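Reader: Could you take me on a close look at one residue in this model and then show me the chain around it? I work at the bench, so plain words are welcome.

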Amino acid sequence: MSATNMNVPEAIEPTDDCAVREVLDLVGDKWSVLIVVLLGRRTHRFSELHRAIEGISQRMLTLTLRALARDGLITRTPHATVPPRVDYELTDLGRTLLGPLRALDTWANTHREEIRAARRRHDEAS
């Protein structure tokens, strides 16, 4: 079925200044999405995020949190306590990302079995 026969919005035209590419650079990796989803539930400390995200190193968590803060999606609030504590939470801009992520989650769950079946067919034909 061609895109012209589907109920699809206008095609995204790739340009040197492509907003979609820029946003995918922000949240196109698995760590950013997981962090945004977790912070969408509540404020977390660094150690809580590290425990909650299986497989992420402390360095990668630090780099991802810095990138998300730089892009205005999260805030970092240090507290002068012993031991030191830093809280992370979504900004208003970051919260606007939860809707599209929920839509992606819904799409993924709706089409998961179709994708798995297509992979099986492809692998069997190879």
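**A close look at His44**

Author: Happy to! His44 sits in strand 1, which covers residues 44-45. Please keep in mind that this is a predicted model. Is His44 buried or exposed? Its relative accessibility is 5%, and because buried means under 20%, His44 counts as buried. The side chain of His44 comes to 3.0 Å from the backbone oxygen of Arg42. Leaving aside residues up to four places away in sequence, His44 touches Leu38, Leu39, Leu49, Val86, Asp87 and Tyr88.

Now for the chain around this residue. The protein chain holds six helices and three strands, and along the sequence they follow the pattern α-α-β-α-α-β-β-α-α. The chain has 126 residues, of which 23% count as buried. About 9,700 Å² of the protein chain is exposed, with carbon and sulfur atoms supplying 54% of that area. Among contacts between residues at least 6 apart in sequence, 44% join residues at least 24 apart.

Helix 6 deserves a visit too. This helix runs over residues 98-125, and because each of its 28 residues counts for 1.5 Å, it should span 40 Å; the end C-alpha atoms lie 38 Å apart, which agrees. Helix 6 also bends by about 55 degrees at His111. Leu98, Leu101 and Ala117 are buried in helix 6, and the buried residues of this helix pack against helix 2 (30-41), strand 3 (85-90) and helix 5 (92-96).

Technical notes
Residues are numbered from 1 along each chain as its sequence is written. This is a predicted model: local features need pLDDT of at least 70, side-chain atom pairs count only at pLDDT 80 or more; totals for chains, interfaces and linings use all residues. Side-chain values use heavy atoms; hydrogens and water are left out. Helices (H or I, at least four residues) and strands (E, at least two) are DSSP runs, numbered from the N terminus. Buried means under 20% relative accessible area, exposed over 50%, partly exposed in between (1.4 Å probe, protein chains only). A polar contact is a pair of N or O atoms within 3.5 Å; within protein, one must be able to donate a hydrogen and the other to accept it, and residues adjacent in sequence count only if both atoms are side-chain atoms. Contact means heavy atoms within 4.5 Å. Accessible areas come from the Shrake-Rupley method with a 1.4 Å probe; for residues, only the protein chains shown count as cover. The expected span of a helix is 1.5 Å times one less than its number of residues. The bend at a residue is the angle between axes fitted to the seven residues ending there and the seven starting there.
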